[in-house]
Amino acid sequence: MSVHQPSEQFAKAMNEAAPRRNRGEHAFDLPPAVHAITAGAYLTFAGVLCATFMGPDLVLPAAIFMVGIASLFVTPGLWARIQPKDGLRKQSWTEFLEEGVECLTGKLTAGQALAQILVLPGLIVSLAFVFAVIKATL
C-alpha cells in the first residue's frame with residue numbers, strides 16, 4: 001500500500017539529495033554549439049536539395065522552406081535566452097567535451113551524447129546527397 005507524502009516533505013528530500021553545483025545549467029543542458037550544429041545540418045539538407053532541384057518555379061517554395069527551418073531553430077534559441085540568470089557560469093564547450101552530460105539513463109560522454117543527437121540530422125543530410133547523386137546520374 002502507498003502512504004501519502006506531503007509535497008513539502010518530498011521537495012525537501014529532493015533538495016537535500018541534489019548535488020550542489022558550482023555552475024549553472026544551460027536551458028537544454030547542452031552547450032549552444034550543439035543546437036547550432038543541428039540547425040546547420042538541417043539547413044545543409046535544404047541547401048543541397050535547393051541546389052539540386054532548383055528551377056525558376058521553385059524559388060518561392062525554397063525560400064519558404066528555408067525560413068521555416070530557420071524559424072524552427074531560432075524560436076527555441078530565443079526561448080533559451082529567456083532563462084533566468086542564476087549568476088553562475090555555464091558549462092563551456094571544452095568542459096562538455098571533457099565531462100559529458102548527465103541524462104535520465106545515466107552519464108554520457110560528449111561523444112555518446114553527440115552521436116545520439118546528430119544521428120538523425122546526419123542521415124537526413126546523407127539522404128539529400130543521395131538524391132543529388134541520383135539526379136546527377138539521370
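Ala41 touches Pro121 and Val125 when residues up to four places away in sequence are not counted. In this predicted model, Ala41 also belongs to the largest nonpolar core, an eight-residue set completed by Phe45, Val48, Leu49, Ile124, Val125, Ala128 and Ala132. Two elements, α2 (32-53) and α5 (110-137), each give two or more residues to this core. Another core, of seven residues, lies apart from it; Val34, Leu108, Ala110 and Ala113 are among its members.

The protein as a whole contains five helices and two strands. Along the sequence these elements follow the order α-α-α-α-β-β-α, with the two strands placed between the fourth helix and the last one. Of the 138 residues in the protein, 22% are buried. The exposed area is about 10100 Å², and carbon and sulfur atoms supply 69% of that area. Among contacts between residues at least 6 apart in sequence, 72% join residues at least 24 apart.

Helix α2 has 22 residues. The distance from its first C-alpha to its last is 32 Å, close to the 32 Å expected at 1.5 Å a residue. The buried residues of this helix are Val34, Thr38, Ala39, Ala41, Phe45, Ala46, Val48, Leu49, Cys50 and Thr52. Three helices pack against these buried residues of α2, namely α3 (59-81), α4 (93-99) and α5.

The pairing of α2 with α5 was examined next. The axes of the two helices come within 9 Å and cross at roughly 10 degrees. Angles under 35 degrees count as roughly parallel, and α2 and α5 are therefore roughly parallel to each other. On the α2 side, the residues that meet α5 are Val34, Ile37, Thr38, Ala41, Tyr42, Thr44, Phe45, Val48, Leu49, Thr52 and Phe53. Their partners in α5 are Leu114, Ile117, Leu118, Leu120, Pro121, Ile124, Val125, Ala128, Phe129, Phe131, Ala132 and Lys135.

Thr38 lies in helix α2. Its relative accessible area is 13%; because buried means under 20%, Thr38 is buried. With residues up to four places away in sequence left out, Thr38 touches Phe73, Ile117, Leu118 and Pro121. Among these partners, Ile117, Leu118 and Pro121 are in α5, whereas Phe73 is in α3. Thr38 and Leu118 are 80 residues apart along the chain, and their C-alpha atoms are separated by 6.8 Å.

Helix α3 has 23 residues and reaches 33 Å from its first C-alpha to its last, close to the 33 Å expected at 1.5 Å a residue. Buried residues in α3 are Ala62, Ile69 and Phe73, and the elements that cover them include α2. The axes of α2 and α3 are 10 Å apart, and the helices pack at an angle of about 175 degrees. Angles over 145 degrees count as roughly antiparallel, and α2 and α3 are therefore roughly antiparallel to each other. From α2, the residues that meet α3 are His35, Thr38, Ala39, Tyr42, Leu43, Phe45, Ala46, Gly47 and Cys50. From α3, the residues in this contact are Ala62, Phe65, Met66, Ile69, Ala70, Phe73, Pro76 and Gly77.

Phe65 is placed in helix α3. At 39% relative accessibility, Phe65 counts as partly exposed. Phe65 touches Phe45 and Ala46, again without counting residues up to four places away in sequence. Both Phe45 and Ala46 are buried residues of α2. The C-alpha atoms of Phe65 and Cys50 are separated by 9.5 Å, with the two residues 15 apart along the chain.

Conventions: Residues are numbered from 1 along each chain as its sequence is written. This is a predicted model: local features need pLDDT of at least 70, side-chain atom pairs count only at pLDDT 80 or more; totals for chains, interfaces and linings use all residues. Side-chain values use heavy atoms; hydrogens and water are left out. Helices (H or I, at least four residues) and strands (E, at least two) are DSSP runs, numbered from the N terminus. Buried means under 20% relative accessible area, exposed over 50%, partly exposed in between (1.4 Å probe, protein chains only). Contact means heavy atoms within 4.5 Å. Accessible areas come from the Shrake-Rupley method with a 1.4 Å probe; for residues, only the protein chains shown count as cover. A nonpolar core is a set of buried Ala, Val, Leu, Ile, Met, Phe, Trp, Tyr and Cys residues joined through side-chain atoms within 4.5 Å. The expected span of a helix is 1.5 Å times one less than its number of residues. Axes are lines fitted to C-alpha atoms, for helices over the stretch in contact, and angles run from 0 to 180 degrees between N-to-C directions. Angles under 35 degrees count as roughly parallel, over 145 as roughly antiparallel, 65 to 115 as roughly perpendicular and the rest as oblique.
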